Amino acid sequence: MQTDNDILFEAKDGIAVITLNRPHRRNALTNPQMQRLGEMITAASSQPELRAILLTGAADKAFCAGADLTPGDTPFKPDFSRMHTPFAEFLRAGKNSALPIIGRINGDCMAGGMGLLGVCDIAIAAEHARFALSEVKIGLFPMQVVAVLRDMMPRRVLADLSYTGRFMAAAEAQALGLVNRVVPAAELDQAVDAVLADIRRASPAALRRGRYALRAMESMSFDEMIAFAETQVGPMILTDDAREGLEAFNQKRKPSWAV
């Protein structure tokens, strides 16, 4: 895993914090940065002491404006020697993360930034944040982004945003379920910290096994989901965390997790 001043990585108190640190470019991403984002998520997933990943942007203007369109930096350069694009690889890493991903949406979330939002399990947004699939305005279409948004919003709304490129206010994003909460900018850190505090109290094994199960069930029918879920109950009960959690419950004390 590589880190640099454009993308910051810090593991602190059980949380991996990844910060897009290009406020002068509205936290837009180049190909190398997209690749490093995926590497950071994968690396965090391999650290057993971590409970979750927090994804955010620097400053308060933008969470992520998508791809950097500056000549020389734009990711829209075909490389036919590669089987996958860096952004698609990031989306795969995000969807397959062993850890829950929490989005701290500190400002505008546009184009590829909506893809980052799409891999988040929980998202808290500042009330001044705006959301847009703006690619059609520059002759493109959010091909990769819609793959993670398709099941998160009504089909007609996704078509509306994709075809018009219009901005959507944070309140509308919340009403659609794209974000969990919208708060004043001054309260954003407090709201995010409250979510992280709850996650820190949760069982690390339950978090990882739970995210794995939710991911596995995404494309299943009900019969397939319930059959899969049945297979997960036994192994879950046999974990050290389940043993400790049940003992703590019966002894009316707080559980002490192994990591």
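User: How many salt bridges does the count come to?
Analyst: The count comes to 15 salt bridges. The model is predicted.

User: What makes aspartate 68 and arginine 25 a salt bridge?
Analyst: Their side chains meet at 3.1 Å, N to O. The cut-off is within 4 Å, between a side-chain nitrogen of Lys or Arg and a carboxyl oxygen of Asp or Glu, so the pair qualifies. Aspartate 68 and arginine 25 sit 43 residues apart. Aspartate 68 is in the loop between β4 and α2, arginine 25 in the loop between β2 and α1. Arg22, Arg25 and Asp68 are linked in a network of salt bridges.

User: Why is aspartate 68 called buried?
Analyst: Aspartate 68 has a relative accessible area of 0%. Buried means under 20%, so the label follows.

User: Why does arginine 25 count as partly exposed?
Analyst: Arginine 25 has 33% relative accessibility. Partly exposed lies between under 20% and over 50%, so arginine 25 fits.

User: How do you know that aspartate 121 forms a salt bridge with arginine 211?
Analyst: The closest N and O atoms are 2.8 Å apart. The limit is within 4 Å, so the pair counts. This salt bridge links distant parts of the chain, 90 residues apart. Arginine 211 lies in helix α8.

User: Is arginine 211 buried or exposed, and why?
Analyst: Buried: arginine 211 has 8% relative accessibility, and the cut-off is under 20%. Its partner, aspartate 121, is partly exposed at 39%.

Terms used: Residues are numbered from 1 along each chain as its sequence is written. This is a predicted model: local features need pLDDT of at least 70, side-chain atom pairs count only at pLDDT 80 or more; totals for chains, interfaces and linings use all residues. Side-chain values use heavy atoms; hydrogens and water are left out. Helices (H or I, at least four residues) and strands (E, at least two) are DSSP runs, numbered from the N terminus. Buried means under 20% relative accessible area, exposed over 50%, partly exposed in between (1.4 Å probe, protein chains only).
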